[in-house]
Structure formats: C-alpha cells, structure tokens
Amino acid sequence: MPQLKLANACLAYGHVPLLDHADFLLDPGERVALIGRNGTGKSSLLAALAAGSGKGRLDDGEVWVQPGIRVGYVPQEPPFDPAMSVFQAVVSGMGETSALLAEYHDILHQMAEGSGDHDALMSRMDTLQHELEARGAWAYEAQAEKVIARFGLNPDAAVGSLSGGQKKRLALAQALSQAPDVLLLDEPTNHLDIAAIEWLETMLIDSGVTLFFITHDRSFLDRVCTRIVELDRGKLASYPGSFTQYQQRKEAQLHEEGLANARADKLLKEEEVWIRKGVEARRTRAIFRVQRLDQLRAERQARRERMGKVNLQLDAGDKSGKLVAELDDVSKAYGDLSVVRHFSTRIQRGDKIGLIGPNGAGKTTLLRLILGELQPDSGIVRQGTKMEIAYFDQFRTQLNPDSTLSDVISPGSDWVEIGGARKHVIGYLEDFLFAPERARSPVSSLSGGERNRLLLARLFAKPANVLVLDEPTNDLDIETLELLEELLQNYDGTLFLVSHDRTFLDNVVTQTIAAEGDGNWKEYAGGYSDWANYQASVRQAASDKAKGEARSAAKPAAAAAKPKVDKLSWKEQRELEALPERIAALESEQSQLSTLLEDAAIYQRDPLAAQQAAERLAAIDEELMVLLERWEVLESRVAGSA
C-alpha cells in the first residue's frame with residue numbers, strides 16, 4: 001500500500017499550469033527524487049504533499065496520506081525564530097507539548113547553573129513533570145536530544161547565531177525528531193559542505209525512512225535515489241533507477257518526442273495548404289479531412305513546448321597578465337585561530353581553481369589573500385596585472401530586493417554590451433528565461449533559482465578576465481548547471497570556484513586547493529574526485545604499512561615465545577581466581593541499575609540520580625568488557641601451558 005498518493009492534481013499560477021492532472025504514488029522504503037526546471041512547481045508540489053490529506057494547496061485533485069503515518073517536511077528556507085534556542089526549535093514541531101518541553105529544558109539548564117529561585121524552579125519542574133508524563137512526552141524529549149547530538153548542534157545556542165549550514169542541520173533535526181515514516185526534503189544539500197553532504201547521504205540511506213526529495217546535486221542523486229520523478233510541463237513521469245539511467249532514457253524519449261512533433265507539424269502544414277486551394281478544394285474536400293485538420297490544429301494549440309535553454313555568453317575582455325597571483329609562505333590568523341598557515345602557490349592566466357573544505361575553514365579568506373583584498377600576517381603576495389574581477393556571491397547581497405530586473409542588469413540604460421555587440425536589456429533577460437513582462441518586476445518576486453539566474457546575468461553582462469564564483473550552483477536546475485559547466489570549460493580567463501557540488505567541480509576545475517585542517521592548505525591536480533581518490537590511496541597506504549609493521553613485529557615475538565612454556569605467575573594466578581567474583585558483582589550491579597532506570601518515575605523524582613545511574617551503567621559495560629577480555633587471555637595461557 002502506498003504511503004502518499006497524489007491524484008488528478010491541478011495547480012496553476014496565472015495562466016501557466018504547474019500541475020496538469022498529475023498523479024503520483026510513494027511506496028514504503030522508496031527514495032524518490034523530484035527533478036525539473038526552475039519554476040516548474042517542484043516546491044509547490046512538495047508543500048502540497050506536506051499539507052496532508054485533502055485538497056490542501058491544490059486547485060483541484062487531492063492528496064492522500066496513509067492513516068497513522070508521520071510525515072516530516074524540510075522546506076528550502078525553513079522559518080525559525082532567531083530568538084529560539086536550538087532545543088526549542090527542534091521540539092517546536094511537537095504541537096502544544098513543545099512549549100512544555102522547552103520550558104522543562106530551560107529549568108534544567110538554570111538549575112545546573114545555579115541561577116534563579118531554586119524552590120520556585122523545583123516547584124515548577126514538578127508541575128511540568130506531571131504534565132509531560134500525562135502527555136507521554138519523555139520519548140519525544142529523548143528523540144530530540146538524540147538528533148541534536150547526531151547533527152553536532154549546541155542545544156542552548158540561539159538560532160540567530162547559526163550559519164546557513166547549521167540552520168539546514170537544525171531543520172533536518174527538527175524533522176527527524178518526530179521519527180517520521182516519510183520525509184519530504186526541499187534542496188537538503190544547500191549550504192552544507194561536502195563532508196556534511198556525504199554524511200547526510202549515508203544517514204538517509206541507513207535510516208530506512210521513505211524519502212521524497214528535491215535536489216540538483218547529481219552526485220547526491222546517483223547515490224541516494226532509487227527512482228527519479230520528473231515534473232515537466234505539468235506532468236509527472238517516473239524513471240526507475242539512478243540519475244545516470246534517467247539521463248539515458250530521457251535523451252531517447254526527447255528524441256522520439258521531437259520526431260513525433262515534426263511529423264505532426266508537417267501533416268498540419270500539408271492540410272493547411274489543401275484547405276486553402278479555393279474552388280478546387282471546395283469541390284473535392286472530404287468531410288473527414290476537414291475534421292482531421294480541426295483535430296491537428298487543436299493538438300498543436302494544446303501542445304506545451306519544453307522550456308527553452310538559458311543562453312549563456314561570457315566575455316573575458318582583455319587578457320590579464322600571465323601571472324595572476326603568487327603566494328610565498330603566506331600566513332593569516334584571527335586571534336588564536338590560524339586560517340592560512342605557510343601556504344605557497346602560483347596561479348597563472350587560464351587556471352581554473354576549485355577551493356574545497358568544510359564551512360568555516362577559511363576559503364573566503366584565502367580567496368581575498370589571493371586577490372589582494374586582504375593583507376597576510378606574514379609571507380609575500382604578488383598580484384598580476386590588467387585583472388578585471390567579477391564576483392558571484394552565494395548570499396546574493398549584490399541584489400537589491402526593491403530593484404527591478406532590468407535595473408539590476410543595466411542601471412539607467414535599456415542596453416547592455418556583450419562581446420562588443422549591443423543588446424536590449426529585455427532581450428538579454430530572455431536569454432536567461434525571464435519573460436519580457438517580468439523585466440519591470442522587483443527582485444523580491446523571484447524564486448531562489450531565478451535569483452541565481454539573475455545574478456549570473458548581471459555577472460556576465462560585464463567583461464571579466466577573472467571570475468570568482470562562490471556557490472553558484474545553489475538552486476540552479478540540472479540543465480542550467482550543465483550549460484554553465486560548458487561555458488566555464490570554454491572560458492579563456494582565470495576561474496576561482498568555491499562549491500560543494502562534487503560533479504560540478506569535477507567537470508570544471510583543473511586544480512584543487514583543499515583545506516587540510518589547522519590552517520594548512522595543499523594544492524592538487526584535477527577536480528574533487530582526483531583529490532578524494534588521492535586521500536583514499538594515502539589512507540590505504542598508511543593502513544597497509546601499519547598492518548605490515550604489526551605482522552613483522554609479531555613474527556619474532558611468536559618465534560621467541562614458541563619454545564618457551566608460558567606459565568602464569570603467582571600474582572596472575574590469584575587474579576584469574578578472583579575474576580569470576582568481580583564479574584559477577586558487576587553484573588549484579590548492572591542488573592540493579594537497569595531495573596532502576598526502567599522506572600520512568602526516577603526521571604521525575606530525581607533526574608540527577610537518573611543521569612548518574614545511566615553514566616555508571618555505561619561505565620560498567622566498559623569494565624565488564626575489559627575483565628572478560630583479560631579472563632580470556634589468562635585462560636588461553638593456562639590452556640597453552642597444559
């Protein structure tokens with residue numbers, strides 16, 4: 001039985017139908033990726049499913065959710081109150097219980113710090129404990145604390161202090177804290193670094209939760225999804241298998257569709273000629289041919305063409321000097337934090353450099369050092385000549401939300417100059433798939449993907465021989481990503497690319513500068529996969545070396561020990577005799593503590609004692625493991641000497 005079902009769904013904005021009598025089923029255990037061009041309605045579809053059973057956000061049709069299942073939803077830009085703590089935000093999806101859990105957590109925090117009126121806090125805690133027990137909320141609290149720890153978040157940190165990547169982790173933690181049966185994710189990899197994306201891939205696969213998600217990260221798609229669903233011209237088409245398999249099938253399908261449309265257009269043209277033959281046609285025309293012509297006209301009118309491709313053009317302008325930048329033993333620190341430590345490199349015209357590393361590693365700082373915008377604490381930075389630099393900012397701070405699209409591209413003028421040729425700003429915007437009527441629309445009306453396209457349009461409207469792209473792939477659809485890749489591959493200037501899109505890095509860059517930790521950076525030839533393969537080979541070589549050294553050390557020791565009978569000393573004999581009693585005592589204590597912690601009342605009556613008991617139980621597990629291993633070693637020596 002499916003867990004989610006979309007039946008005969010219709011949804012339109014203006015005159016363009018986003019969903020045109022679309023149907024969809026999501027079965028248990030599936031990991032389904034929803035793909036499609038920007039603006040086709042993917043996020044609207046996900047929001048309609050998240051709204052639950054009934055018509056919800058649809059114009060027509062319905063959403064059906066299997067009774068009793070929990071659905072978790074993470075939108076592209078999750079709304080959080082910046083004044084909330086992480087814990088409050090995570091439990092906020094639990095209805096009325098969330099406020100009680102948040103207050104209980106706050107009181108525990110105050111008591112641990114010794115702040116506030118102790119008697120009043122104890123009284124309020126007692127009231128909260130009874131209320132939470134009546135609601136069966138302790139399992140929710142345990143789940144919330146578990147996912148907060150899993151995502152590496154500080155439960156007491158203010159949401160407003162979190163980075164973009166941490167807020168994305170928070171949104172995922174909030175959804176998972178409800179232990180959903182179905183998880184709906186809208187662009188889950190945005191603002192996450194590569195390590196976090198790979199961790200998320202593994203976590204989602206291992207969790208076994210049913211997934212329906214939107215992403216344009218092709219590496220993520222290939223690893224996670226079991227089925228691709230494409231939203232194209234209001235219809236949903238399903239393609240079992242990976243993204244690579246989808247690409248092969250889609251190419252063949254588009255080829256067949258093109259041939260069929262060409263045949264239909266040719267037939268329509270012939271019939272239009274025939275119907276206009278005048279007197280001769282009126283004498284000989286057959287009723288069925290007139291009816292067929294009407295049908296052909298109706299079919300041609302109803303046909304929805306695929307959205308056009310972005311027309312990307314990039315003017316590299318005048319060539320820069322052969323040397324773009326040279327760094328010699330450069331270091332930069334902020335207080336005690338070393339961001340760049342003794343780094344040297346030489347960058348020449350035409351190099352395409354990818355910078356990779358975790359969020360906060362200092363990629364932006366290193367870029368500013370290379371471009372001369374920041375002075376190093378030590379070392380020398382030499383700048384090239386004739387550099388014209390253009391920036392792509394991942395936070396889109398260059399876009400004024402109140403400006404119109406045409407003002408963003410060409411302030412005070414209706415024309416832009418591309419490669420020495422003048423072009424009207426409306427025609428230029430059409431190259432980036434913006435309709436003429438939207439040229440006077442404010443930036444605030446655009447979606448995330450449309451804002452990225454507009455920023456690319458602004459960037460490419462001026463000649464530049466040095467491009468700095470900071471996360472340009474966020475929110476761009478796959479087809480535009482591939483066109484951007486092709487443009488950058490053919491770009492004659494120098495490129496600096498900060499990205500967490502592994503496929504994009506592999507397809508564009510020729511060199512990679514990677515963060516090695518503690519302010520250390522190292523340069524590698526090739527893209528992300530080349531760097532990752534090198535790191536894997538280094539780890540494998542180190543592992544093989546360690547195993548070889550261990551075997552070499554074990555051989556002489558075994559040879560020396562062979563002729564000699566290994567008897568226990570008097571002290572070891574006494575230790576062996578005492579081990580069963582020590583193990584039995586620990587197992588008895590373990591049983592008592594387990595019984596104590598099974599009583600839910602202990603968490604209300606004396607939470608500190610419950611915490612100490614849980615810590616002691618964990619310590620006993622470790623002690624028992626040590627004693628049992630020691631017993632096995634001593635017993636084997638006794639058996640060997642017999």
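Student: What makes strand β3 (residues 31-35) and β8 a pair, and are the two parallel or antiparallel?

Tutor: In this predicted model, 4 bridges join β3 to β8. Two strands pair if DSSP finds at least two bridges between them, so the 4 bridges of β3 and β8 satisfy the criterion. The two strands run parallel. Within β8, E230 is the residue that stands opposite I35.

Student: What joins β8 to strand β9 (residues 235-240), and in which direction do they run, parallel or antiparallel?

Tutor: There are 6 bridges between β8 and β9, and the strands run antiparallel. The requirement is at least two bridges, so β8 and β9 also count as a pair. V229 has S238 of β9 as its bridge partner. The hairpin formed by β8 and β9 has 2 residues between the strands, and R233 takes a positive phi near 55° there.

Student: Why is strand β8 (residues 227-232) described as largely enclosed by the rest of the structure?

Tutor: A residue is buried when its relative accessible area is under 20%. In β8, 6 of the 6 residues meet that condition, so the strand is largely enclosed by the rest of the structure. Both faces are covered: R227, V229 and L231 are buried on one side, and I228, E230 and D232 are buried on the other.

Student: Which strands are the edge strands of the sheet with the order β11-β10-β13, and how do you know?

Tutor: This is an open sheet of 3 strands with antiparallel pairing. The edge strands are β11 (337-348) and β13 (378-383), each of which pairs on one side only. On average, neighbouring strands of this sheet are turned by 15° against each other, direction ignored. Strand β10 (residues 323-334) is joined to β11 by 8 bridges, and E326 stands opposite R346 in β11. Helix α12 (residues 363-370) packs on the sheet and touches β10, β11 and β13. The direction of α12 makes about 130° with that of β10.

Student: What is notable about the phi of H342, and is the residue buried or exposed?

Tutor: H342 has a positive phi of about 50° although it is not a glycine. The residue lies in strand β11. Exposed means over 50% relative accessible area, and H342 stands at 53%, so it counts as exposed. K386, in the loop between β13 and β14, likewise has a positive phi, near 55°, and is a residue other than glycine. With a relative accessible area of 65%, K386 is exposed.

Student: How do you know that the end-to-end span of helix α15 (residues 448-460) agrees with what its 13 residues should give?

Tutor: The expected span is 1.5 Å times one less than the number of residues. For the 13 residues of α15 this gives 18 Å, and the end C-alpha atoms are 19 Å apart, which agrees.

Student: What makes α15 mostly covered, and what covers its buried residues?

Tutor: In α15, 11 of the 13 residues are buried, among them G448, N452, L456 and F460. The elements that cover these buried residues include β14 (389-392), α13 (405-409), β15 (415-418), α14 (425-431), β17 (466-470) and α16 (478-489).

Student: Why is S161 called buried or exposed, whichever applies?

Tutor: S161 has a relative accessible area of 52%, and exposed means over 50%, so S161 is exposed. S161 is found in the loop between α5 (138-150) and α6 (164-176). A polar atom of the side chain of S161 lies 2.6 Å from the backbone oxygen of A158. The limit for a polar contact is 3.5 Å. The C-alpha atoms of S161 and S85 are separated by 9.7 Å, although the two residues are 76 residues apart along the chain.

Student: Why are the rings of Y528 and W531 called a pair, and is that pair stacked, edge-to-face or tilted?

Tutor: The count of aromatic pairs comes to 7. The ring centres of Y528 and W531 are 5.7 Å apart, within the 6.5 Å limit, so the rings pair. Their planes stand at 45°, neither under 30 degrees nor over 60, so the pair is tilted. Both residues lie in helix α18 (residues 528-561), 3 residues apart, about one turn of the helix. Y528, at 8% relative accessible area, is buried, and W531, at 19%, also counts as buried. Elsewhere, ring pairs link Y239, F243 and Y246 into a cluster.

Technical notes
Residues are numbered from 1 along each chain as its sequence is written. This is a predicted model: local features need pLDDT of at least 70, side-chain atom pairs count only at pLDDT 80 or more; totals for chains, interfaces and linings use all residues. Side-chain values use heavy atoms; hydrogens and water are left out. Buried means under 20% relative accessible area, exposed over 50%, partly exposed in between (1.4 Å probe, protein chains only). Axes are lines fitted to C-alpha atoms, for helices over the stretch in contact, and angles run from 0 to 180 degrees between N-to-C directions. Contact means heavy atoms within 4.5 Å. A polar contact is a pair of N or O atoms within 3.5 Å; within protein, one must be able to donate a hydrogen and the other to accept it, and residues adjacent in sequence count only if both atoms are side-chain atoms. Rings of Phe, Tyr and Trp (its six-membered ring) pair if their centres lie within 6.5 Å; planes under 30 degrees apart count as stacked, over 60 as edge-to-face and the rest as tilted.
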